[in-house]
Amino acid sequence: MAQLTCSKLTAGYEGKAVVKNISFAVNAGDYLCIVGENGSGKSTLMKTLLRLKSPMSGKIEAGDGLHLNEIGYLPQQTVIQKDFPASVREVVLSGCLNGCGLRPFYNRKEKKLAAENMEKLGITNLAKRCYRELSGGQQQRTLLARALCATRKILLLDEPTAGLDPVATAEMYDLIAELNKSGTSIIMISHDIANAVKYASHILHIGGQTMQFYGEVAKYEL
Amino acid sequence: MKKILALFLCLMLISGCTENGGSENPPEVDADMSVDVDVDVDFTKLSSTMVSAQMDIIMQNMQAYVGQTMKIRGNYYPLFWEVNNEFLHFIIIECSSGCDKLFEFVWNGEHIYPDDYPPEGTFIELPGVFGVDEEGFPYLAVDDIVIVA
Amino acid sequence: MSFNERLDQLVYLFQNFAFARYALIVGVAIAFCSSLLGVTLVLKRLSFIGSGLSHVSFGSTTIVAAVAMGIGVENFQNNIFWVLPITILCSIWLLLSGPHSKIKGDSALAMLSVGTLAIGYLFMNIFPRSANLAADVCTVLFGSTAILTLGSKTWMVWLCVGLSVAVSVVFVLFYNKIFAITFDEDFAAATGIKAKVYNMILAVIIAVIIVLAMNLVGALLVSALVVFPALTAMRVFKSFRAVTICSVIVSVVCSTFGILLSAMYDNLPLGSVIVAVNIAVFAVFSIIGLVLRRG
């Protein structure tokens with residue numbers, strides 16, 4: 001069974017459908033890129049997948065041992081984050097929260113996990129630095145480390161290279177590819193079709209409020 | 001309640017004119033300031049905010065303070081109370097936020113107004129005993145009025 | 001009056017007047033717990049929620065007092081048992097209409113805030129509880145002596161200290177959750193955190209803090225008490241934990257200093273003095289922050 005299956009999903013908000021009849025399945029280890037014009041509903045779709053919005057119709061099913069709260073998420077930057085006083089370590093650690101339950105403090109295992117993920121993304125030297133003072137690329141890596149703390153199984157990324165310079169963009173894509181190679185499934189929204197085609201295993205193209213294409217990248221025609 | 005309201009209205013009206021007879025005789029005053037008697041509530045040692053607070057507290061728990069000795073300072077303010085056809089004597093205590101308080105005092109013994117009393121507006125100090133009259137209004141029973149320079 | 005004489009005055013006050021001692025204790029407790037959520041409120045762009053909620057408190061207080069007078073019962077101070085639940089409900093309503101409908105949150109707050117302030121003041125004029133209306137308004141809006149008179153009621157003292165301790169304990173227990181939903185609520189919700197529940201807990205804590213803080217600095221200045229220490233701490237410190245700890249220390253020091261100043265010098269109404277001290281400390285920390293950043 002696939003890790004995440006979407007069946008005839010219609011998503012929108014305030015009674016208005018933004019995307020209709022979306023069906024796809026993500027298996028363990030897949031790298032799915034969701035592409036489409038700006039405003040085509042990609043973010044809405046992702047938010048619905050994450051249960052941040054309720055679907056208007058259709059189903060989202062988790063399988064293959066995946067629990068719906070084992071999903072890691074890299075959202076687009078919100079305004080609040082930019083001047084928040086938080087150290088990198090605090091931000092990354094907050095990804096472990098979903099395993100805490102009612103426990104008020106992080107245990108040693110979680111702190112170790114956070115340290116490992118920071119190491120993996122090359123930001124250990126930034127641990128005590130203030131998040132708001134970092135460059136765009138460093139901030140994204142921090143958020144990615146945080147997402148990894150939430151799960152190893154599947155990551156949903158919303159425009160992870162938005163606002164990054166070309167070097168940082170390339171680094172980010174490389175990082176994500178490495179994560180995918182080590183077993184993490186990836187669902188990524190991007191309007192950078194060139195890179196999407198280069199790295200992904202599957203493409204979901206959204207346009208005209210519906211699915212224009214879903215399938216393996218080799219079969220995708222630009 | 002209504003008495004205080006009426007007095008407050010009077011205060012507003014009177015601000016322009018004075019009923020004071022402009023007494024020529026200097027009032028009899030005991031200038032015994034050298035002895036600092038230990039009083040229960042010495043307002044003269046408190047800042048204006050604390051004076052205000054302590055006054056509020058006393059007003060909310062009047063019975064608890066009956067019989068306690070107090071020392072308080074303010075501007076003397078006499079008022080003619082038509083109901084009893086007599087003069088009542090108050091001091092005005094300045095508090096923060098421009099909300100002044102009126103506190104009645106009664107001078108023990110035989111004293112005639114305006115001869116024995118200081119001119120209106122004089123800044124005086126009253127060492128006395130706190131009491132509550134039959135109608136439930138607070139007052140200070142004093143033996144001496146001390147004029148503060 | 002020399003400075004030493006003023007110090008003597010201070011000693012005399014605290015030695016002989018229980019209300020002052022208790023007021024200081026409660027003041028410190030309130031300053032402690034009220035600064036805890038300052039960081040969260042500032043960062044969720046809800047700095048004015050303090051103001052809005054305190055106006056609601058003010059409005060509901062006067063309405064309840066007017067009703068009580070009509071029935072012929074109750075003393076003003078006892079209203080905390082009405083004001084607290086009403087404020088909590090409004091807080092929940094405001095916070096839950098919050099981050100995803102930002103515009104709605106803003107105008108809802110504005111409406112509630114100014115509306116209740118107006119109605120409260122209107123009621124105070126129509127149904128005055130005492131002849132000295134100006135003083136009453138002053139006390140409720142600016143807290144000239146509210147905390148001091150509170151100090152004379154032992155049960156209120158214990159209640160306020162108890163609430164402050166409870167709020168602080170809850171804050172510590174939910175510290176990581178509060179951080180997560182303040183920093184990035186979407187992420188928290190997406191990874192399985194019950195963001196809505198924690199937002200509600202936050203709303204309740206904020207309401208309790210506002211009602212308590214009103215007793216210290218009055219309804220109009222509550223925002224300042226809650227928000228200034230956090231802003232001050234953010235000038236210099238970089239991590240959430242450091243900022244939180246610093247804002248608590250700043251808040252307690254400023255409030256204590258404000259109370260002492262008000263006790264030593266004449267014509268210093270308590271609420272305004274505390275806020276003024278906070279402003280001064282903010283200025284100092286801003287300079288320190290600038291220097292640190294250049295160096």
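A helix here is a DSSP run of H or I at least four residues long, and helices are numbered from the N terminus. Keep in mind that this is a predicted model.

**View 1. Helix 4 of chain A, from end to end.** Helix 4 covers residues 108-120 of chain A. Let's check its length: at 1.5 Å a residue, its 13 residues should span 18 Å, and because its end C-alpha atoms are 18 Å apart, the two values agree.

**View 2. The two faces of helix 4 of chain A.** Which residues of this helix are buried? They are A:L113, A:A114, A:N117 and A:M118. Looking down the axis of helix 4, you will find these buried residues within an arc of 135°, so they line one face of the helix. Turned away from that buried side is a face with the exposed residues A:R108, A:K109, A:K112 and A:E119.

**View 3. What surrounds helix 4 of chain A.** The buried residues of helix 4 pack against two helices of chain A: helix 3 (88-93) and helix 5 (136-150). Just after helix 4, look for A:G122, which takes a positive phi of about 70°.

**View 4. C:I181 and its contacts.** Now we move to chain C, where C:I181 is part of helix 10 (residues 175-183). Is C:I181 buried or exposed? It counts as buried, because it has 28 C-beta neighbours inside 10 Å, and 20 or more are needed for that label. Setting aside neighbours within four places in sequence, C:I181 is in contact with C:A188, C:A195, C:Y198 and C:N199.

**View 5. C:I181 and C:L141 in chain C.** These residues are 40 residues apart along the chain, and 32 Å separates their C-alpha atoms.

Definitions and conventions. Residues numbered from 1 in each chain as written. Chains lettered and ligands numbered in written order. Predicted model: local features only at pLDDT ≥ 70, side-chain atom pairs only at ≥ 80, totals over all residues. Expected span 1.5 Å × (residues − 1). Buried ≥ 20, exposed ≤ 12 C-beta atoms within 10 Å, placed from the backbone. Arc of directions from axis to C-beta. Contact = placed C-beta atoms within 7 Å.
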